Every structure is written in C-alpha cells, then in structure tokens.
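Subject: Structure for you to look at

Dear colleague,

I am handing over the structure below, and after it I describe what was found. Please keep the structure open beside this message while you read.

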Amino acid sequence: MKLSRRTRETLQGYAFVAPAIATTMIFLGIASVAVLFMSFSRVNMVQGTYEWIGLNNYRVGFTDSLLHRAIRNTLVFSAVVVPVQTFLSLVVAAVLNSNIKFKKAFRAIIFLPTLTSSAALTMIFMFMFSMRGPVNSMLISMGLLAASDPINFLRSSDWSMRVIMIMNIWSTIPFYMTLYLASLQELPNSMYEAASIDGASEVKKFFYITIPYLRPITTFVVLTGIIGTMQMFDQAFIFSGGDGGPASSTMTIALLIYRYAFGPGSAMGYASMIAICLMVIILTLAFIVNRINKEERVY
C-alpha cells in the first residue's frame, strides 16, 4: 500500500522522536509509577521485599515533625530566593542592555558563576563565611563585630539557611539574566521612542513596557526557580554534612528524602511518599504561577 507524503513525514517524525520517548518512559514514566507504588509499601531494598501497607506512610507523615520542618524550610527558601533572583536578574539585564561602558566585559564577568559547579560554589561560600573567613574579617574591620566574637555562620541555626539563600541567589542570577537580556534585545526600540515622545520617564518605561513585554520569560524564570529551589539538595547536603543541621535549620525536602532512602535504617517506602508530596507541592505552585501569568506577551 502506497502511503501519502504527509503520512510518510508523520511516521518519520515519530521515528526520530522514538528514542527520546522510549528513554523518557523508561527513566521517568516507569520510575514514577514505581515510586508511587512504593509510597504505599514497606520496602526492604536489601532483601528486595515489598509489603503493601496502604496509606500508613502518609498517616505517619502527618505526625513527622522533621518532615514538617523540612517542608517549612523549603517553602521559606523558595519564597525568598525566587522573587529576589527574578527581580535582580531583570534589573541586571536591563542595566547591561543599556548604553553603559564595558557592558560586554560586565556580561562575561557576571556570567562566570554559571561555569562553576554547585559543589565548588558551596565550598567557596563555606570558606567565605567560616569563622576566620573574609566575611567575618570584613565585619570585624568595619567595627561591626568584636575580633573575639565572630559569627559562626556555618553552625548557626539563625544564619546557615540564610547563607545558602545568598549563595543560591548569587549563582542563579547570571543564567536568568542571560534569558532576560536575550529577550530585551528583541524588544522593539520604537516602543521606547514612542514612550519618550509621550514624556514617559525611564522608570515608567521599565514598569509599563519592559516588564509586561518580558512576562513570558518571567513566567519561565519563576517556574524553573520554584522547581530548582523546591528540589535543592546538594548545597544543603554539603553545608550541613548531610544531617540538615544545625538544629534541622538546613533540612530540605530533597535532603530528607535522601536521608530516609539511603540513611541508617533505610525507609524507601516512606521516602517515596515524601517524593510524591514534593511532586504535588511543585505541581500546585506551578499551576498557581501559570494562572497568575496567563496573559500573553504585550507587543
């Protein structure tokens, strides 16, 4: 039977994407179903046994104070980091898109943190905020701290998560700034010229032209920022040595999943339940962001 040209092109298209679909189904689809099944089971990975216990893992989760602390830490972390990194990325992009001198050099310098691994950045920040690190030395030289009483940023329940927030914001701004900058360079200059003729100030141009035009990019930045912060693991793990300390102040949901799944007395079923809860939280937040930013780009 002779196939039409359109049918042949359609089959060729499916053939090209078949490897990607197969890979996604194996490593994402099947894995997701397995995690969902394990969330209702008591799992012994050593013996390879699965005991169906229904909603027991979920009932235990309602009374797990460590899980509640991890959820609260993660939500606060995301609520602080995402808006700050989004706003600063937009501001930096707007500045670098202006007619300042050496803007190409500034773009290259600001982009450098994205070339460094997250683990390396964490080690650098741990050194900077250590007892004898540059931050304490600067505060002492400014007279804000006594030389005999430096702040123990790394082991203080009041400061540890804040340092991780600063590190995360500093390391993510360059990537999001690049996205904003690429979109700003496509913005028609005629819109700014028309606003200037009408007497609009630079501030009004920014709020009434730049920000509405960048709404689709902002939606993407916020969504990826939420996903990234809600899944934050490596920085908290390295910073706390894997225990989420001090006093569980750096315990995140992803770190707690790791501890329950691979720590002493492994509870893979309970860890799977937390992973499902994390997925629900991310999907809920993503849905809310999409509803808020459902308007299309303004031209």
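The domain assignment divides the chain of this predicted model into domain 1, covering 5–52, and domain 2, covering 65–297. If you take the C-alpha centres of domain 1 and domain 2, you will find them 31 Å apart.

How do domain 1 and domain 2 touch each other, and how many residues of each are in contact? On the side of domain 1 there are seven such residues, and they are in contact with six residues of domain 2. Between them the two domains bury about 530 Å², and 75% of this area is on carbon and sulfur atoms. On the side of domain 1 that touches domain 2, the elements giving two or more residues are α1 (5–38) and β1 (41–44), and α1 gives the most, with three residues. In keeping with careful bookkeeping, I also note the counts of zero: there are zero salt bridges between domain 1 and domain 2, and zero residue pairs in polar contact between them when both residues are at pLDDT 80 or more.

The next topic is the nonpolar core. The largest one has 48 residues, and the residues with the most contacts inside it are F77, F129, F153, I164, I253 and I274. Several helices each supply at least two residues of this core, including α3 (65–96), α5 (118–128), α7 (160–184) and α12 (253–262), while α13 gives the most, with ten residues. Because domain 1 (5–52) and domain 2 (65–297) both give residues to this core, it lies between them. As general background, nonpolar side chains tend to be buried together in soluble globular proteins.

To see one part of this core in detail, you could start from F153, which, leaving aside its neighbours within four places in sequence, is in contact with F129, V135, N136, L139, W159, S160 and V163. Apart from the largest core lies another core, of 16 residues, among them A93, Y176, L181 and L184.

Finally, is V76 buried, partly exposed or exposed? V76 has its place in helix α3, and it counts as partly exposed because its relative accessibility is 42%, which falls between the 20% and 50% cut-offs. V76 and F206 are 130 residues apart along the chain, and their C-alpha atoms are separated by 29 Å.

With best wishes

Definitions and conventions: Residues numbered from 1 in each chain as written. Predicted model: local features only at pLDDT ≥ 70, side-chain atom pairs only at ≥ 80, totals over all residues. Heavy atoms only, no water. Core = buried A, V, L, I, M, F, W, Y, C linked by side-chain atoms within 4.5 Å. Buried < 20%, exposed > 50% of the residue type's maximum accessible area, 1.4 Å probe, protein only. Helix = DSSP H or I, 4+ residues; strand = E, 2+ residues; numbered from the N terminus. Domains from an automatic or database assignment. Contact = heavy atoms within 4.5 Å. Buried area = accessible area lost by both parts, 1.4 Å probe. Salt bridge = Lys/Arg side-chain N within 4 Å of Asp/Glu carboxyl O. Polar contact = N/O pair within 3.5 Å; in protein donor to acceptor, adjacent residues only side chain to side chain.
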